[in-house]
Amino acid sequence: MITLRSLAISLLVFCNCSAIAGSKVIGTGGATTIEGSAGGGIVPWAVINGYASSGQWSVTGFGNQVGVDDFSLRTIGAGFSYGNQLEVSLTKQTLALETIGGDLKQTIVGVKYHVAGELLYTEMPQISVGAQWKKHQNFELPQAVGALDDQGIDWYVAASKVWLDAFAGRNLLLNATVRATKANQTGLLGFGSAEDNSYQLMTELSATIMLTPHWAVGAEFRQKPNQLAFADEEHWRDVFTAWFINKNVSLVGGYVDLGSIAGLPNQQGYYVAVEATW
Amino acid sequence: MVNFSGKPATSFLLTFLASMLLITSCAKTPQPADSLYQQLGAAAGLEQLVDGVLVEIERDPQIVHHFKDTDIARFRRLLIEQLCQLSGGPCQYTGATMQESHTGFAITPADFDNLVNHFIKVMTAQNIPVASQNALLAKLAPMYKDVINR
């Protein structure tokens with residue numbers, strides 16, 4: 001948890017000179033996914049990270065931790081956004097193979113561009129297109145189990161919309177994302193395989209209810225490819241609650257079901273994320 | 001500022017049950033006591049809301065310059081009138097269309113966001129329930145396209 005601690009420290013340091021935040025309404029920057037893109041926990045949304053509205057810029061620091069039966073994933077990264085239009089992120093992932101031994105690491109550079117619609121204000125959903133360039137840092141194991149490449153690019157289109165006063169007076173956020181990917185287990189097991197190196201189209205869905213402006217609960221589904229012969233890869237699911245304490249700090253806690261990973265079935269456990277935004 | 005009651009799930013459930021009751025009772029007789037206008041505090045509540053928003057605008061360097069030539073007394077009266085009509089109250093909005101009244105101001109998305117934040121802040125300070133806040137915001141949000149970049 002060193003990453004989370006250092007994030008908390010930097011947060012304390014910066015918080016004194018902060019209270020600086022952009023104009024966007026609280027919660028509308030979303031949280032940050034394990035791949036560094038603004039969204040839920042595992043699904044990138046069309047929202048742009050931080051609170052920068054038109055003519056403003058924003059910086060976000062984040063750390064996530066996932067703990068399931070035989071693995072734990074630690075993510076740390078930073079994002080930048082401008083004008084509620086452009087989002088750029090840099091993320092480091094470390095997957096500890098607690099039963100198998102060792103770890104797997106990759107670096108992700110994300111870019112997202114908001115092309116149409118306004119999350120809260122227009123009939124049309126907010127639409128964004130994005131790319132995640134992923135580079136594996138220690139490719140020996142993924143190569144040994146059949147992965148072809150140590151790097152790959154995921155491309156996605158996301159649509160997000162908030163329905164104000166949708167349900168029992170609460171605001172509902174729905175998101176649908178289509179991703180083209182060659183990544184095995186998000187890239188932690190490399191990209192492509194000897195048998196098939198073509199892009200796979202995957203659907204990812206989220207539904208979130210804002211209980212108050214500061215509290216949200218939601219659920220996500222992420223369809224996964226299954227390209228490596230050595231072990232099945234299964235779809236991911238989670239449920240989460242998010243607390244947007246203010247525009248500078250948010251916390252997310254959740255429960256994830258990652259299915260089978262590298263031959264070890266029923267990988268379920270917790271998800272926590274902390275995010276600081278200026 | 002932090003609107004955390006410590007029991008969001010409970011209030012959510014109560015609101016849900018209340019709205020279910022409302023749906024069944026509304027089918028028979030209209031319930032003016034439950035209208036959004038009443039939830040916002042009727043005439044007095046709307047005056048308080050608009051006055052609160054005016055104070056926030058005055059303190060907001062992002063948007064206050066848009067009001068430098070505005071007749072604030074008239075603006076206040078028209079905004080109260082508009083919110084009254086929008087929320088189902090006994091008023092008729094007599095001002096210009098949103099598109100007309102914002103033309104030439106070059107309102108940016110950030111300006112619009114700021115005004116939304118001011119509404120939320122003031123409604124929260126007035127203890128207007130989240131459901132009623134959202135119901136009003138749902139009526140204001142579609143004005144975005146008529147207000148922005150005119």
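**Notebook: helix α7 of chain B and the barrel of chain A**

I began with α7(B), where Val130(B), Ala131(B), Ser132(B), Gln133(B), Asn134(B), Ala135(B), Leu136(B) and Leu137(B) are buried. My cut-off for buried is 20 or more other C-beta atoms within 10 Å of a residue's own; 12 or fewer is exposed, in between is partly exposed, and C-beta atoms are placed from the backbone. Since 8 of the 11 residues of α7(B) are buried, this helix is largely enclosed by the rest of the structure. Helices (H or I, at least four residues) and strands (E, at least two) are DSSP runs, numbered from the N terminus.

A note on the source: this is a predicted model, in which local features need pLDDT of at least 70 and side-chain atom pairs count only at pLDDT 80 or more, while totals for chains, interfaces and linings use all residues. Residues are numbered from 1 along each chain as its sequence is written, and chains are lettered from A and ligands numbered from 1 in the order in which they are written.

Next I asked what α7(B) lies across. I found β9 (151-167) and β10 (170-181) of chain A beneath my cursor, with α7 (residues 130-140) running at about 110 degrees to β9(A). Axes here are lines fitted to C-alpha atoms, for helices over the stretch in contact, and angles run from 0 to 180 degrees between N-to-C directions.

I then looked up the whole interface: 25 residues of chain A are in contact with 26 residues of chain B. Contact is C-beta atoms, placed from the backbone, within 7 Å. On the chain A side, β9 and β10 are the elements that give two or more residues. That side has 9 nonpolar, 12 polar and 4 charged residues. Nonpolar covers Ala, Val, Leu, Ile, Met, Phe, Trp, Tyr, Cys and Pro; charged covers Asp, Glu, Lys and Arg; the others, Gly among them, are polar.

On to chain A: I traced a closed barrel of 12 strands, β3-β4-β5-β6-β7-β9-β10-β12-β13-β14-β15-β16, with antiparallel pairing. The twist averages 20 degrees from one strand to the next. Two strands pair if DSSP finds at least two bridges between them. As a sample, I took β3 (residues 57-68) and β4 (residues 71-82) of chain A, which share 11 bridges. Gly61(A) has Ala78(A) in β4(A) as its bridge partner.

Back in chain B, I counted 8 helices and 0 strands. Buried residues make up 28% of its 150 residues. Last, I checked Phe119(B), which touches Val53(B) and Leu137(B), leaving out residues up to four places away in sequence.

Definitions and conventions
Two residues are in contact if their C-beta atoms, placed from the backbone, lie within 7 Å.
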